[in-house]
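I opened this entry to keep track of what I looked up, in the order I looked it up. The structure comes next, and my notes follow.

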Amino acid sequence: MQPAAIVQQLRADERLLTSSSGAAFTAAARDRQRLIRLAGPAVLRLDPADRDDLLARRDLVRLRAKTPPRKTPLRLGPPTPAAKLLGWYREAQQRFGVRWQLLAAINFVESAFGRARSASVAGAQGPMQFEPATWRAYGLGGDVHDPHDAILGAAHYLAANGARTDERDALFHYNPSSLYVDAVLHYAHRITHVRYAFAEYYAWTVVKRR
């Protein structure tokens, strides 16, 4: 698919996302996910309005290339309803001063809002992917696999590492990779500035790594 055609279809999907709901919204969101996966550098040059998604995708592809392949199949399950997640992100923001959009972006990158159920190759667990020692220190006595507890634990950990004033540095403590940090911040930026972005990401599917 030619870059100009990808940009044209992205624009059409974005118009649908602003004006539709239900199955039509989901179809447009998933088509946009497909196009972002197809897009290369030429699309980014033609389409700076979609730079957050295009750059986040590029960063995550590069990050995954550095990660050892999974030795067991990825387990998947249904996510927590979006309205509950939003409530828990906002609860964590109120309690720890970490903005909800950042927590949503982490939840999205780490587990596709809880759809991905397997531990990482490094042993991190749960919808916010905590290593056991970090969870013991910051998990507030909760269950690492419970999405409410995991979101609060992530906010606690980020706040303890200065997220109120320096999100980039706090994220680097969460995952010491500039590629990871940049990807999360791109998604958080789009969730903040595009009204339907959180709902769109929630509609995306999990694409298993080959």
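I began with two phenylalanines and asked whether they are buried or exposed. Phe 108 is buried, and Phe 113 is buried as well. I note here that the model is a predicted one.

Next I looked at how their rings sit. The ring centres of Phe 108 and Phe 113 are 5.4 Å apart and the planes make an angle of 20 degrees, so I entered the pair as stacked. The cut-off I needed for this is that planes under 30 degrees apart count as stacked.

I then took a second pair, Tyr 187 and Tyr 201. Their rings are 5.1 Å apart from centre to centre, with 75 degrees between the planes, and the pair is edge-to-face. Where do these two tyrosines lie in the chain? Tyr 187 is in helix 10 (residues 178–193) and Tyr 201 is in helix 11 (residues 197–203). They are 14 residues apart, and the pair links distant parts of the chain.

I checked the cover of each tyrosine. Tyr 187 has a relative accessible area of 5%, so I wrote it down as buried. Tyr 201 has a relative accessible area of 0% and is therefore buried too. The cut-off for buried is under 20%.

I wanted to know how many aromatic pairs the whole structure holds. The search finds 17. Ring pairs join nine residues into a cluster: Tyr 89, Trp 100, Phe 108, Phe 113, Tyr 187, Phe 198, Tyr 201, Tyr 202 and Trp 204. Both of the pairs I had looked at have their residues in this cluster.

After that I turned to the chain as a whole. I listed its secondary structure as 11 helices and 0 strands. Read from the N terminus, every element in the run is α.

What radius of gyration would a compact globule of 210 residues have? The expected value is near 17 Å, and the chain has 17 Å, which means that the two agree. Along the principal axes, the C-alpha atoms fill a box of roughly 50 × 35 × 35 Å.

I also looked up burial and contacts for the chain. Of its 210 residues, 46% count as buried. Of the contacts between residues at least 6 apart in sequence, 60% join residues at least 24 apart.

My last entries are on surface and charge. The chain exposes about 10,700 Å², and carbon and sulfur atoms supply 53% of that area. I noted 30 positive and 19 negative side chains, with the centres of the two sets 6 Å apart.

Notes
Residues numbered from 1 in each chain as written. Predicted model: local features only at pLDDT ≥ 70, side-chain atom pairs only at ≥ 80, totals over all residues. Heavy atoms only, no water. Helix = DSSP H or I, 4+ residues; strand = E, 2+ residues; numbered from the N terminus. Rg over C-alpha atoms; globule rule 2.2 N^0.38 Å. Buried < 20%, exposed > 50% of the residue type's maximum accessible area, 1.4 Å probe, protein only. Contact = heavy atoms within 4.5 Å. Areas by Shrake-Rupley, 256 points an atom, 1.4 Å probe, with all protein chains shown as cover. Lys, Arg positive; Asp, Glu negative; His and termini not counted. Charge placed at Lys NZ, Arg CZ, Asp CG, Glu CD. Phe/Tyr/Trp six-rings, centres within 6.5 Å; stacked < 30°, edge-to-face > 60°.
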